[in-house]
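Please walk me through the interior of this predicted model. Take the core, the aromatic contacts and the pocket in turn.

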Amino acid sequence: MTFKTNRYKVIRKAVSKDIVGFVNDYLLLKERVHDTLRETKYIMPSSADWGRKDDQQCIGAYSMYADIAMETLLLKCLPIVEKESKLKLWPTYAYTRVYKQGHVLEKHTDRKSCEISTTLNLGGDMWPIYLTDIKGKEIEVKLSPGDMLLYAGCEIEHWRNEFKGNCCTQVFLHYNPQKKGNEVQMFDERIHLGLPCWFKGKKL
């Protein structure tokens, strides 16, 4: 099965268990720090610099745009994503979520900066992701820690049904093909990776 033909591909053991284990522990600790900073009012309710839990796509899930560790992982995974997609790519951004029991990820396609998307399982309980393939067939994909689903995010509908487990951590690593007209999407319109969402369009 090729990505070019099917517009998705499962990559087993894309990232080592040591790395995803470290990143998973880091993310869970960061969520705890976020919660403590919110509860003690050390950060403003409107601030997303330590993450958020009001992402409209999955209310209540701890989410983080462009965490520096995750964007380092975005770069680390670039060679394998280019190899499996057979495309030259620009990294756009990383987005992370910690899902808990009862969470649902509604059926959707992604925005312009996510032409080549991946979801990488970092740890926790099994939670299948579903997608509709190019023939309209519903596909269930189960990922173990370190496994990655590569998919055409703007073309392929994807979702997750209600989570029955306790915790599941995922990072979404997004890329765009290097082609004319896509230059503005590089780094998701930021000067470089690692910068927050509000830094889009700014210049040094």
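Start with the largest nonpolar core, which has 46 residues. Within this core, Tyr 99 and Tyr 175 touch the most other members. Strand S10, residues 167-177, gives the core its largest share, six residues. Another core lies apart from it. That core has five residues, including Tyr 65, Tyr 93, Tyr 95 and Cys 114.

Now turn to the aromatic rings. The structure holds five aromatic pairs. One of them joins Trp 127 and Phe 163. Their ring centres lie 4.9 Å apart and their planes meet at 40°, so this pair counts as tilted. Trp 127 sits in the loop between strand S5 (116-124) and strand S6 (129-132). Phe 163 sits in the loop between strand S9 (158-160) and S10. The pair therefore ties together parts that are 36 residues apart in sequence. Both partners fall below the 20% cut-off for burial. Trp 127 has a relative accessible area of 6%, so it is buried. Phe 163 is at 1%, so it is buried too.

A second pair involves Tyr 130 and Trp 159. This one is stacked, with 6.0 Å from centre to centre and 20° between the planes. Tyr 130 belongs to strand S6 and Trp 159 to strand S9. The two residues are 29 residues apart, and their pair links distant parts of the chain. Tyr 130 and Trp 159 are both buried.

The rings also group together. Tyr 99 joins Trp 127 and Phe 163 in one aromatic cluster. Tyr 99 is thus a member of this cluster and also one of the two residues with the most contacts to other members in the largest core.

Charges lie over two of these tryptophans. Lys 107 is placed over the face of Trp 159, at 4.3 Å from the ring centre. Over the ring of Trp 127 sits the charged end of Arg 160, 5.3 Å from the ring's centre.

Last comes the pocket. The largest one has a volume of about 760 Å³. Its lining has 38 residues, and Arg 52, Asp 55, Met 64, Tyr 65 and Tyr 95 are the closest to its centre. Tyr 65 and Tyr 95 also belong to the five-residue core. Which elements each supply at least two residues of the lining? They are helix H2 (17-39), strand S2 (62-65), strand S3 (89-100), strand S4 (105-108) and S10. By type, the lining divides into 17 nonpolar, 10 polar and 11 charged residues. S10 thus appears both in this lining and as the source of the largest share of the largest core.

Terms used. Residues numbered from 1 in each chain as written. Predicted model: local features only at pLDDT ≥ 70, side-chain atom pairs only at ≥ 80, totals over all residues. Heavy atoms only, no water. Core = buried A, V, L, I, M, F, W, Y, C linked by side-chain atoms within 4.5 Å. Buried < 20%, exposed > 50% of the residue type's maximum accessible area, 1.4 Å probe, protein only. Helix = DSSP H or I, 4+ residues; strand = E, 2+ residues; numbered from the N terminus. Phe/Tyr/Trp six-rings, centres within 6.5 Å; stacked < 30°, edge-to-face > 60°. Lys NZ or Arg CZ within 6 Å of the ring centre and 35° of its normal. 1 Å grid on protein atoms, 1.4 Å probe; cavity = no way out; pocket = protein on both sides within 12 Å on 5 of 7 lines; lining within 4 Å. Points joined across faces, edges and corners; volume = space filled by probe spheres on them. Nonpolar A, V, L, I, M, F, W, Y, C, P; charged D, E, K, R; others polar.
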